[in-house]
Amino acid sequence: MSKNPPTPSITADYAQRVTDDLSANRTEQERVRAELARLQDELVRLEESEQVLTKMQEVLGTTPKQTAKKGKGSKTAAVPAARRSNGKTAAGKTGTTTGRKTSKKAASPKKPGEPTWLELATAHLTAQSEPKSAAEVSSALTEAHPERAVQVTVVRNTLEQGVAQGLFVRSKQGRSVFYSPAVAVSAQSGS
């Protein structure tokens with residue numbers, strides 16, 4: 001008789017793996033909960049700091065119009081809190097904080113008396129003898145108005161707005177889209 005050491009059964013092997021995976025999962029959950037609590041605390045501190053800085057800015061009289069509007073009318077967004085096995089939220093917080101999205105790009109707003117993008121695009125297209133793409137209109141407006149930040153997407157949206165209002169006509173040539181003034185198209189078709 002040969003003596004073979006007993007081999008663990010497949011079920012016991014799987015049971016051990018499941019136990020190990022479950023333990024690793026619980027450890028990871030605790031790590032994420034701690035990180036979430038830390039981030040929520042940091043967010044609360046940043047929001048409180050923002051409020052103090054906004055009040056200081058108001059007292060100094062240097063409040064930009066945009067900041068004052070956002071501070072008064074911001075919406076409250078619910079931030080889900082981590083669940084604990086005992087039903088409490090992470091760090092004893094309610095899970096709601098105020099969320100604000102701010103753009104880091106400094107847009108060049110239209111100054112009083114300056115023409116709108118729609119007016120500029122209309123003037124440019126009516127001076128042209130053939131349809132132009134949004135990129136062509138954008139580059140022409142960049143050359144004509146270097147003091148304003150011209151973006152192709154803004155010009156494209158403006159041109160589409162003009163199409164919706166009946167000011168421009170959109171034509172496709174392959175994958176390209178071209179715009180022309182509606183008046184010129186109707187005058188050509190009427191001849």
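# Close-up views of a predicted model

From the N terminus on, the elements run α-α-β-β-α-α-α-β-β-α. The model is predicted.

**View 1. The whole protein holds six helices and four strands.** The chain has 191 residues, and 19% of them are buried. The protein exposes about 14,700 Å². Carbon and sulfur atoms supply 56% of that area. Take the contacts between residues at least 6 apart in sequence: 51% of them join residues at least 24 apart.

**View 2. Confidence varies along the chain, with helix H1 and strand S2 at the two ends of the scale for elements.** The average pLDDT of the protein is 76. A score of at least 70 is reached by 66% of the residues. Among the elements, helix H1 (residues 10-60) has the highest mean pLDDT, 92. Strand S2 (residues 96-98) has the lowest, 46. Over residues 67-76, pLDDT stays under 50. The model has eleven contacts beyond four places in sequence for that stretch. Over residues 87-107, pLDDT also stays under 50. Here the model has 39 contacts beyond four places in sequence. Where pLDDT is low, the predicted coordinates should not be read in detail.

**View 3. Helix H3 packs against helix H5.** Two packed helices are described by the angle between their axes and the distance between the axes. H3 spans residues 117-126, and H5 spans residues 152-164. Their angle is about 80°, and their axes lie 9 Å apart. H3 and H5 are therefore roughly perpendicular to each other. From H3, the contact takes in Trp117, Leu118, Ala121 and Leu125. From H5, it takes in Val154, Thr158, Leu159, Gln161 and Gly162. By class, this contact of H3 with H5 has six nonpolar residues, three polar ones and no charged ones.

**View 4. Helix H3 also packs against helix H4.** The angle between H3 and H4 is about 105°, and their axes are 10 Å apart. That makes H3 roughly perpendicular to H4. Trp117, Leu120, His124 and Leu125 are the H3 residues that meet H4. Val137, Ala140 and Leu141 are their partners in H4. Sorted by class, the contact of H3 with H4 has six nonpolar residues, one polar residue and no charged residues.

**View 5. Leu159 sits in helix H5.** Leu159 is buried, with a relative accessible area of 0%. Which residues does Leu159 contact, leaving aside its neighbours within four places in sequence? They are Ala121, Leu125, Ala134, Val137, Phe168 and Tyr179. Leu159 and Thr122 are 37 residues apart in sequence. In space, their C-alpha atoms are 8.6 Å apart.

**View 6. Lys132 lies in the loop between H3 and helix H4 (134-144).** Is Lys132 buried or exposed? Lys132 is buried, with a relative accessible area of 16%. Beyond its neighbours within four places in sequence, Lys132 is in contact with Leu125, Val137, Val177, Phe178 and Tyr179. Of these, Leu125 belongs to H3 and Val137 to H4. Leu125 and Val137 are also among the contacts of Leu159, as is Tyr179.

**View 7. Val150 lies in the loop between H4 and H5.** Val150 is buried, with a relative accessible area of 18%. Not counting residues up to four places away in sequence, Val150 touches Trp117, Ser138, Leu141, Thr142 and Val155. Among these, Trp117 is one of the H3 residues that meet H4. Trp117 is also one of the H3 residues that meet H5. Val150 and Ala140 are ten residues apart along the chain. Their C-alpha atoms are separated by 9.7 Å.

Note on methods. Residues are numbered from 1 along each chain as its sequence is written. This is a predicted model: local features need pLDDT of at least 70, side-chain atom pairs count only at pLDDT 80 or more; totals for chains, interfaces and linings use all residues. Side-chain values use heavy atoms; hydrogens and water are left out. Axes are lines fitted to C-alpha atoms, for helices over the stretch in contact, and angles run from 0 to 180 degrees between N-to-C directions. Angles under 35 degrees count as roughly parallel, over 145 as roughly antiparallel, 65 to 115 as roughly perpendicular and the rest as oblique. Contact means heavy atoms within 4.5 Å. Ala, Val, Leu, Ile, Met, Phe, Trp, Tyr, Cys and Pro count as nonpolar, Asp, Glu, Lys and Arg as charged, and the others, Gly among them, as polar. Buried means under 20% relative accessible area, exposed over 50%, partly exposed in between (1.4 Å probe, protein chains only). Accessible areas come from the Shrake-Rupley method with a 1.4 Å probe; for residues, only the protein chains shown count as cover. pLDDT is the predictor's confidence in each residue, from 0 to 100.
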